[in-house]
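This briefing concerns pockets, strand pairing and one helix in a single protein model. Please consult the sequence and the structure shown below alongside the notes that follow.

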Amino acid sequence: MSALTKISEHVYWLPPGPPDRPSVCAVVGERRTLLLDAGSSRAHTRAVLEALTAEGEARPSAVVYTHSHWDHVLGGAELGGHVIAHASTARRLVELAARDWSDEALDTRVAAGLSSAAHAADVKEELPAPRTVEVVPADIVFQDGLDVELGGVTVRVRHVGGDHCAESCVMHVEPDRVLFLGDCLCDSPAGALTAELALPLCVAILAFGAELHVEGHGESVLSREELENLIGKLRLAERAVREGTAIDAPDEDTESFVQAFTVARTTAPS
Ligand SMILES: [Zn+2]
């Protein structure tokens, strides 16, 4: 199990882990601590809270979500604090709370094409049957964004959208210059990236001027140079797919971007 790491003056990061656990961050101010995403289960959130306690830090009083995918929110009940979410995310939380999460229902959703087999397998592993899934609703709902003042540190939450999920929000921690990205740079559940959404999103993300970037499922925290590099590969892939040209010796990132832009072009309505 990966350990909680202090990545800047006010920010702790628990890296992603199996089966589909995403990055979770805690931002510690003089007055309040805020959680950025809640993790996949009570057990996942508890691991974050226990590690924070071991560091001598105060328990978070609230959590803010990047989007409503299960792996980022099902641990929210363990915190027992306020939930801050975009209006679309808040609506989805209500739907997730009403969903049947039994093995049978998960299998039915896969058979109906509503969920992937990998999704069902990950939920079963993270939350062994018989499972009780409690999804707490949002307490504070925003449209475009909001700022959370924690005492000596501010978390600016901004809605950015994108192909992965129209709800996607990012959080910029100031003065640390840490940008918590969630999954916003990832492809859609169908594996697609579109020029229309992905290219403006890259501009919006670079405009925060952050120095450290935490991705939902990235193994390391990206420096500004590393993020610019990654976005350069995305732009290169988009251009190659649009112009129908080949890229010489593409690396793994570039290949996956080419694949995602190709999927979008082959499934787009003509
Ligand atoms: Zn996601």
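In this predicted model, the largest pocket has a volume of about 630 Å³. The second largest pocket holds about 350 Å³ of space. The points below treat these two pockets, then an open sheet of 6 strands and helix α8 (residues 224–243).

**Largest pocket**

- The lining of the largest pocket comprises 25 residues. Those nearest the centre of this pocket are His69, Trp70, Ser116, His119 and Pro189.
- Three helices, α2 (70–73), α4 (87–98) and α6 (117–126), each contribute at least two residues to the lining of the largest pocket.
- By class, the lining of the largest pocket contains 9 charged, 9 polar and 7 nonpolar residues.

**Second largest pocket**

- The volume of the second largest pocket is about 350 Å³, and 15 residues line this pocket. Leu185, Cys186, Asp253, Ser256 and Phe257 are the closest to its centre.
- With 6 residues, helix α9 (residues 252–267) gives the most to the lining of the second largest pocket.
- The lining of the second largest pocket divides into 6 nonpolar, 5 polar and 4 charged residues.

**Open sheet**

- The 6 strands of the open sheet follow the order β8-β9-β10-β11-β12-β13, and their pairing is mixed.
- Strands β8 (145–149) and β13 (222–223) form the edges of the sheet, each pairing on one side only.
- Strand β8 runs antiparallel to β9 (residues 154–159), and 5 bridges join the two. Asp147 has Arg156, in β9, as its bridge partner.

**Helix α8**

- Helix α8 has 20 residues. The distance from its first C-alpha to its last is 28 Å, close to the 28 Å expected at 1.5 Å a residue.
- The buried residues of α8 are Arg224, Leu227, Leu230, Ile231, Lys233, Leu234, Ala237, Glu238, Ala240 and Val241. An α-helix has 3.6 residues a turn, so residues three or four places apart point the same way.
- What do the buried residues of α8 pack against? Their partners are the strands β11 (178–182), β12 (212–215) and β13, together with the helices α7 (195–206) and α9.
- Two of these partners also appear above: β13 is an edge strand of the open sheet, and α9 supplies 6 residues to the lining of the second largest pocket.
- Just after α8, Gly244 adopts a positive phi of about 70°.

Note on methods. Residues are numbered from 1 along each chain as its sequence is written. This is a predicted model: local features need pLDDT of at least 70, side-chain atom pairs count only at pLDDT 80 or more; totals for chains, interfaces and linings use all residues. Side-chain values use heavy atoms; hydrogens and water are left out. On a 1 Å grid over the protein atoms alone, a cavity is a set of points where a 1.4 Å probe fits but cannot get out, and a pocket is an open set with protein on both sides within 12 Å along at least five of seven lines; lining residues have an atom within 4 Å of a point. Grid points are joined across faces, edges and corners, and a volume is the space filled by probe spheres set on the points. Helices (H or I, at least four residues) and strands (E, at least two) are DSSP runs, numbered from the N terminus. Ala, Val, Leu, Ile, Met, Phe, Trp, Tyr, Cys and Pro count as nonpolar, Asp, Glu, Lys and Arg as charged, and the others, Gly among them, as polar. Two strands pair if DSSP finds at least two bridges between them. The expected span of a helix is 1.5 Å times one less than its number of residues. Buried means under 20% relative accessible area, exposed over 50%, partly exposed in between (1.4 Å probe, protein chains only). Contact means heavy atoms within 4.5 Å.
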